[in-house]
Every structure is written in structure tokens, then in C-alpha cells.
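Biologist: Please take a close look at one part of this structure, the place where the two chains meet, and describe it in a connected account.

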Amino acid sequence: MPVGVMVSDCRASLDLVTVHGVEPERVRAFRDLPVPPEAWRAFASEDAAALVGGTLARRYGWQPGDQVTLTRLSNLSFTVRGIVPEGGGVTDQIIYLPLRFLQTAAVGQGICNQLWVKVKPGRDTAGTVPIIDAAMRGHAVKTHTRLEEGFLRDTTADVRRLVELLQVLAWVAVGVVLLAVANAIAITMRERTGELAVMRTLGYPRPLLAGLITAEAFGVGLLGGAAGIGGAAWLLTQGTVGIGIEGVVFRPQLASAGLVEALAVAVAVGVAGALPPALFAVHRPIVEGLRRVD
Amino acid sequence: MIRFARLVWRNAWRSRTRTLLTASGVAVSLLAFTVLRAVDAGMQGLFDRAGSDTLVVFQDGRY
């Protein structure tokens, strides 16, 4: 299927608006677009009818029936006929328009930027690649055919490097707060030196005392972690940011695995931050601690 | 066990300013951590959902 792609910004952007000109009768073989039947009929029969990804529609407050003009995209005007429900996929932030309309209004008659090819079940997908490129050899533009995942990876290579750097920063933030927790517990232990010495004199075993201190930090980690993760979840559900480059758009996603990981990190920060000062405190000589008792 | 839980709570509440400040530090750090990890998850999700039987023909040398 030929596809016309138009983007509001050719560089990496946080507010990317991407238009895909597609053939209404064939696009469903490639993209899941669960819109009401009347929206689909309008998309298939009207010239300037658009199906808009749910996240993008939410970002700009678009509703079915709205007339929209994209001033950053050659003043392209269309009517929103359907909103594609958000599902975390590539359709969330794309405006789908009939290819013929997009060609007439903006990109030029007969012009497309991509071809999407669906390989029949049971056929060798990788083996199809050289056949397509060989068939396209006589055309004005030399082509490079890839699996969709490979195309997405190549297109987003620059943004991916940035995202990898952000992951390093994420773990640095965890390291910093680990030291902060350790520092807070160390100060607390210093204040409680005498108290701990008295408890040990009364027969409290060292592991129990260390456990009590660690439990305190565990609670602090759990409390802070829950607040931080809750705040992040709220931010991410409110946000309609579209990170993308050249028409490939994605947005941050908080899955249950991400929540579990973050909560585990919060608890680990509390425990790991508390253990060294706690162990140090309970192994100090009792006499030294009792000297501090008034 | 409950006796020790009470002791832990009392100890934490005794220096409540420090406890709340430390918890706030953890909260800010975990907020940043969660958001940054979600960016990575969003990007991975994009690749995971790509069609395994779909090919994209694009201009050579562009990416």
C-alpha cells in the first residue's frame, strides 16, 4: 500500500503532528483502527475525512465533526470523523487521511513516501526484501526495504541514544537518593547511640536492633516511593506528549512491570541506604554508647 | 511483632521533619526514575507492536 507521510517537524520533537495518507480500503490490513462504522464510512467516502489517534485528539481537544486546519502543515484542512482509541501503539498520535486527498492537497499527485507491504502467511518475509528492492531498481529513487521493526529502529536511532542516556540519569537519581537515605539514617544513629547501647544492655540482640532501624528506612522508602510513583502515574496519564522523529511517534508508557520495578527500587533504596549505618551502629562497643547516656 | 512495629513507628515519628524530608527526597527521585523508565518502555512498546509480517519500503540512505 502506498503511504504519504507528512510531519510538522523534521527534527526530533516533543510535539510532533504526523499525517499518514493511506488507502481507506487497504489500511486495515496494516493498522488496527477500531472506530464506529459511521466514522469508517465517512473516512472511506469523503475526501477530507480524518481518523485521528486518541492521544493526539486529547492533546488538541479535537472531537468528531471538528474542522481542523494544520497551519504548520501546508494549511492542511480536514474534518475529524473518528477518534482511534488509545492503545499505546503507533496509531495513538497519527492523523489518517485518504491518500488521494493528501496528494491533491499537499504532497502532489501520485507521490508517496513509503510503501507498506504485508507478506502473505507462510511466505518468507526476509526473502521478500531483496525481491522488492530488485523490482524497484528502475525507479527514480533507490529503495531500502526493511521489516517494520527494523525501519522503526533505524528511524529512531538518534532519539534512542537520547533515551539510553535518560536511563543512565534515572539510575543516577536512584544512586543520589540512596546516599541521602544513608546519610539521614547515619545522623539518626548518631543521635540514638546511647539509646541503642541501653537496649543492647537490656538484652536486645544486634540483628533485631539492625532490623528495627532497617524497617524504619523500609517504611520511609515505601512511603516516598508510593508518593513518587503515584505522582509519575498521574503525570503520565495526563500527558499527551508525542516524542518522535520523522513520523514515528511514541509516548511514555507506565506498564504494571514498570510500577513493580519502581516500587522495588524504592524499597531497595530504603533498605540498602539503612543497612550500612545500622550495622555500624549496632556493632559499636556498648560502653562507648553508654557514656552518652545522661 | 506489633510491639516492634509500634517502636519503629514511634522512632520514625520522633524525628518527623527528617523522616518526611527523606521520604520527599525518595518521592522526587522515584518520580523522575518512573517517568524516565516509562519513556524507555514507550519506545520499546513501539518496536514490540511492529508487525512481524509487514515490510516498509523507504528511500535508501535516508536512515
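**The contact between chains A and B**

Modeller: In this predicted model, strand S8 (residues 143-147) of chain A pairs with S1(B) in the antiparallel sense, over five bridges. Two positions place this pairing in the sequence. A:Thr145 has B:Val57 as its bridge partner in S1(B), and A:Thr143 has B:Gln59 as its bridge partner in that strand.

S1(B) also pairs with strand S7 (residues 114-118) of chain A, to which four bridges join it, and these two strands run antiparallel. Here A:Leu115 stands opposite B:Val57 in S1(B). B:Val57 therefore appears in both pairings, as the partner of A:Thr145 and as the residue opposite A:Leu115.

The sheet that results can be read strand by strand. It is an open sheet of nine strands with mixed pairing, in the order S4(A)-S5(A)-S3(A)-S6(A)-S2(A)-S1(A)-S7(A)-S1(B)-S8(A). Strand S4 (67-70) and S8 of chain A stand at the edges with a single partner strand each, so one side of each is left without a neighbour in the sheet. On average, neighbouring strands of this sheet are turned by 35 degrees against each other, direction ignored.

At the S4(A) edge, four bridges join S4(A) to S5(A), and the two run antiparallel. A:Gln67 has A:Thr79 as its bridge partner in S5(A). The hairpin of S4(A) and S5(A) has five residues between the strands, and A:Ser74 in this hairpin takes a positive phi near 55 degrees. Helix H3 (residues 99-107) of chain A lies across strand S1 (2-7), strand S2 (18-22), strand S5 (76-84) and strand S6 (94-98) of chain A, and runs at about 45 degrees to S1(A).

The strand pairing is one part of the contact between the chains, which takes 72 residues from chain A and 45 residues from chain B. On the side of chain B that touches chain A, helix H1 (2-14), H2 and strand S1 (54-59) each supply at least two residues. H2(B) gives the largest share of that side, 27 residues. By class, the side of chain B that touches chain A has 26 nonpolar, 13 polar and six charged residues.

The helical part of the contact involves H2(B) with two helices of chain A. Helix H9 (residues 256-282) of chain A and helix H2 (residues 16-48) of chain B have axes that come within 10 Å and cross at roughly 150 degrees. That angle makes H9(A) roughly antiparallel to H2(B), and their crossing is right-handed. From H9(A), the residues A:Gly258, A:Glu261, A:Ala262, A:Val265, A:Ala266 and A:Val269 meet B:Val26, B:Leu30, B:Phe33, B:Thr34, B:Arg37, B:Ala38 and B:Ala41 of H2(B). By class, this contact has nine nonpolar, two polar and two charged residues.

H6(A) also packs with H2(B), at an angle of about 165 degrees and with the axes 9 Å apart. H6(A) is therefore roughly antiparallel to H2(B). H6(A) passes H2(B) in a left-handed crossing. The residues of this contact divide into 17 nonpolar, four polar and four charged.

The two chain A helices that pack with H2(B) also pack with each other. Helix H6 (residues 157-191) of chain A and H9(A) lie at an angle of about 35 degrees, with their axes 8 Å apart, and their crossing is right-handed. H6(A) contributes residues including A:Val174, A:Val177, A:Leu178 and A:Val181, while those from H9(A) include A:Val265, A:Val269, A:Gly270 and A:Ala272. By class, the contact of H6(A) with H9(A) has 16 nonpolar, two polar and no charged residues. A:Val265 and A:Val269 of H9(A) thus take part in the contact with H2(B) and in the contact with H6(A).

Finally, the domain assignment of chain A gives domain 1 (2-112) and domain 2 (157-290). Taken over C-alpha atoms, the centres of these domains of chain A are separated by 44 Å.

Definitions and conventions:
Residues are numbered from 1 along each chain as its sequence is written. Chains are lettered from A and ligands numbered from 1 in the order in which they are written. This is a predicted model: local features need pLDDT of at least 70, side-chain atom pairs count only at pLDDT 80 or more; totals for chains, interfaces and linings use all residues. Axes are lines fitted to C-alpha atoms, for helices over the stretch in contact, and angles run from 0 to 180 degrees between N-to-C directions. Angles under 35 degrees count as roughly parallel, over 145 as roughly antiparallel, 65 to 115 as roughly perpendicular and the rest as oblique. A crossing is left-handed if the near helix is turned anticlockwise from the far one by less than a right angle, and right-handed if clockwise. Two residues are in contact if their C-beta atoms, placed from the backbone, lie within 7 Å. Ala, Val, Leu, Ile, Met, Phe, Trp, Tyr, Cys and Pro count as nonpolar, Asp, Glu, Lys and Arg as charged, and the others, Gly among them, as polar. Domain bounds come from an automatic or database domain assignment. Two strands pair if DSSP finds at least two bridges between them.
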